[in-house]
Amino acid sequence: MLPSFFDSVLQLIVRTSTDLPPDVRAAMKHSLVSEPEGTRGSQALTIIAQNIDLAADAEGAICQDTGMPTFEVHAPVGANQIWMRQQIREAVKEATARGKLRPNSVDSITGKNSGDNLGPGTPIIHFDQWERDDIEIKLILKGGGCENTNAQYALPLELPHLGRADRSLDGVKKCILHAVWNAQGKGCSPGAVGVCVGGDRTSGYTHAKEQLFRTLDDVNPDPRLAELEASIMSTVNNLDIGPMGFGGKVTLIGCKVAALNRLPASFFVSIAYDCWAFRRLGVVLDASTGTIKQWLYRDPSHPIIPMLDQAGFTRTGKEVALNAPLTERDVRALKVGDVVMISGRMFTGRDAVHSHLMKNAPPVDLDGSVLYHCGPVVMKEGQGWRVTAAGPTTSIREEPYQGEIIKRYGVRAVIGKGGMGAKTLAALKEHGAVYLNAIGGAAQFYARAIERVDGVSLLEFGTPEAMWHLTVRDFPAIVTMDAHGNSLHKDVEQESGAHLEAIGV
Ligand code: SF4
């Protein structure tokens, strides 16, 4: 068959996971200079920029959530698609074994992680034939946090803050603005949206995701849609949602809209939200050997330039040092906006752990603990383990459980991203705990704050869902919900909602 095909696909996966494409880098660099220095948004973007550089230098996963691998393949007439599919699956398996992809394929009935990213429906591989002689493969890795902020609207409908959205381009604009507002920081803003107007529910979502393969700086060939894209970009960054939903000037780095024909009775607007860790690349392969002839999205005349010329977290001197385990007094002294540097013991716990703790005693003593919403990439090394990527996951999924877990087990700090809701806020106040926002996607940056892995519990839930016992040093995070009833997330949501109303589409 094609002797280099497997290696070429493996290279594509590794590079997509570890090295952001130039157009996304350029947009993030522009974001960095747009947020005034010293603001929370600027601090978040500085960590993100360092993370982008670290990932490329060390060939580590940019974000620990390497998402749902989605391949778009164009092959010449007569090419063996069955063999290519098998090779792509093998390459995904190998990239997972090398720690470039996190095991992300979970049996929806049993909850068991396949461990190799293979399973029914994963990875996603779409084939199309074309008249050309070569093979083109594009790959996007879109994580769960931003996938959960996707939205689909059936027009006409009433939208909060925006009123009636009719079956018109103004109605479409309202849907896009609403989706971005609703995402707040949960999808790791600044993000980018792919949008499909029309189609049916299935084709609409697929086509919306396909728009994310367009470069951020291209111009829509349809002048009506080009105008809509420009209008969204000039409006949305005035909502003051900002990086990570901390408030600020940069909320979106791209908006790409396409249209499909629809049934007379249906008018769907489908929105695929991607985070700043916008990982997509492509290759063109020689159809007789499978060797890479060309990288897509990479212009060789524009070499990758570093995002930053400095290393480490830029301290202002106002950071609060916390040593875990924490006391009630430690956390009651904190207020929204404080930057903390945590050292000591930390436990990871996300969906499966939270569900488990509602019915079972914890496997470790959680009194005074710091609980990190994180599904890391962890590699076995001899008898021990090494964390290679460890950013926060979206916390709101744990909202049904978090307050009870704080109350029952004495957790003093929860770290995650995107914020939590009213139940958790009340529990923080009543029991003396805080919510700390780490910077979503900064997996390499945070992996370097982990000194060692001391152990693991509940490994039967799979690597991302297990409870990892970590020792960290100077792990930075921002207090966004304190023990006095204050929530930055609630404030930003309300203020950006007021901005949305003022826009008057
Ligand atoms: S950057 Fe955030 S939304 Fe994107 S994959 Fe990582 S954790 Fe998920």
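Student: In this predicted model, which residues of helix α12 are exposed?

Tutor: A422, K423 and E430 are exposed, and they lie on the other side of α12 from the buried residues of that helix. To read such a label, remember that exposed stands for a relative accessible area over 50%, while buried stands for under 20%.

Student: Which residues of α12 are buried, then?

Tutor: Helix α12 runs over residues 422–431, and its buried members are T424, L425, A427 and L428. They are on the same side of α12 because they cover an arc of only 160° around the axis.

Student: Against which elements do the buried residues of α12 pack?

Tutor: Their partners include the helices α9 (328–332), α11 (399–409) and α14 (488–503), and the strands β18 (434–437) and β20 (467–481) complete the list. If you follow the chain just past the end of α12, you come to G432, where phi takes a positive value of about 80°.

Student: Which residues other than glycine have a positive phi?

Tutor: Two cases can be looked at here, and it helps to ask of each where it sits and how buried it is. M244, which is not a glycine, has a positive phi of about 60° and is found in the loop between α8 (223–236) and β8. With a relative accessibility of 1%, M244 counts as buried. D474 also has a positive phi, near 50°, but D474 is found in strand β20 and is partly exposed, its relative accessible area being 33%.

Student: Where are cis peptide bonds found in the backbone?

Tutor: The angle to read is omega. A cis bond joins T122 and P123, with omega at about -5°, and P123 has its place in the loop between α4 (81–97) and β2 (124–130). The bond from A324 to P325 is cis as well, with omega near 0°, and P325 belongs to the loop between β12 (320–324) and α9.

Student: How many residues does the largest nonpolar core have, and which of them have the most contacts inside it?

Tutor: The largest nonpolar core has 134 residues, and those with the most contacts inside it are F5, F71, I137, W276, I342 and F475. Helix α6 (residues 169–183) gives this core its largest share, which is 8 residues. There is also a second, separate core of 19 residues, whose members include V353, L371, L425 and A433. You have already met L425 as one of the buried residues of α12.

Student: What is I137 in contact with, once its neighbours within four places in sequence are left aside?

Tutor: Among its partners are F5, V9 and L12, then F71, E72 and V73, and further along the chain L281, G282, V283 and L285.

Student: Is A259 in a strand or in a helix?

Tutor: A259 is found in strand β8, residues 252–260. A259 is partly exposed, with a relative accessible area of 49%, and apart from its neighbours within four places in sequence it is in contact with V197 and L225. For a sense of distance, A259 and G391 are 132 residues apart in sequence and 35 Å apart in space, taken from C-alpha to C-alpha.

Student: How should I look for empty space inside the structure?

Tutor: The general idea is that a probe the size of a water molecule, rolled over the atoms, shows where empty space is left. In this case, a search of the whole structure finds 2 cavities of 30 Å³ or more. The second largest cavity holds about 40 Å³ of space, and its lining consists of Q184, G185, M244, G245, G418 and H489. By class, that lining has 1 nonpolar, 5 polar and no charged residues.

Student: What can be said of the largest pocket, and which residues are closest to its centre?

Tutor: The largest pocket contains about 800 Å³ of space. It is lined by 44 residues, of which D65, G67, R102, N104 and G144 are the closest to its centre. Both β1 (68–76) and α5 (144–147) supply at least two residues of the lining, and the largest share, 4 residues, comes from α5. Sorted by class, the lining of the largest pocket has 13 nonpolar, 18 polar and 13 charged residues.

How values were computed: Residues are numbered from 1 along each chain as its sequence is written. This is a predicted model: local features need pLDDT of at least 70, side-chain atom pairs count only at pLDDT 80 or more; totals for chains, interfaces and linings use all residues. Side-chain values use heavy atoms; hydrogens and water are left out. A nonpolar core is a set of buried Ala, Val, Leu, Ile, Met, Phe, Trp, Tyr and Cys residues joined through side-chain atoms within 4.5 Å. Buried means under 20% relative accessible area, exposed over 50%, partly exposed in between (1.4 Å probe, protein chains only). Contact means heavy atoms within 4.5 Å. The arc is that of the directions from the helix axis to the C-beta atoms. On a 1 Å grid over the protein atoms alone, a cavity is a set of points where a 1.4 Å probe fits but cannot get out, and a pocket is an open set with protein on both sides within 12 Å along at least five of seven lines; lining residues have an atom within 4 Å of a point. Grid points are joined across faces, edges and corners, and a volume is the space filled by probe spheres set on the points. Ala, Val, Leu, Ile, Met, Phe, Trp, Tyr, Cys and Pro count as nonpolar, Asp, Glu, Lys and Arg as charged, and the others, Gly among them, as polar.
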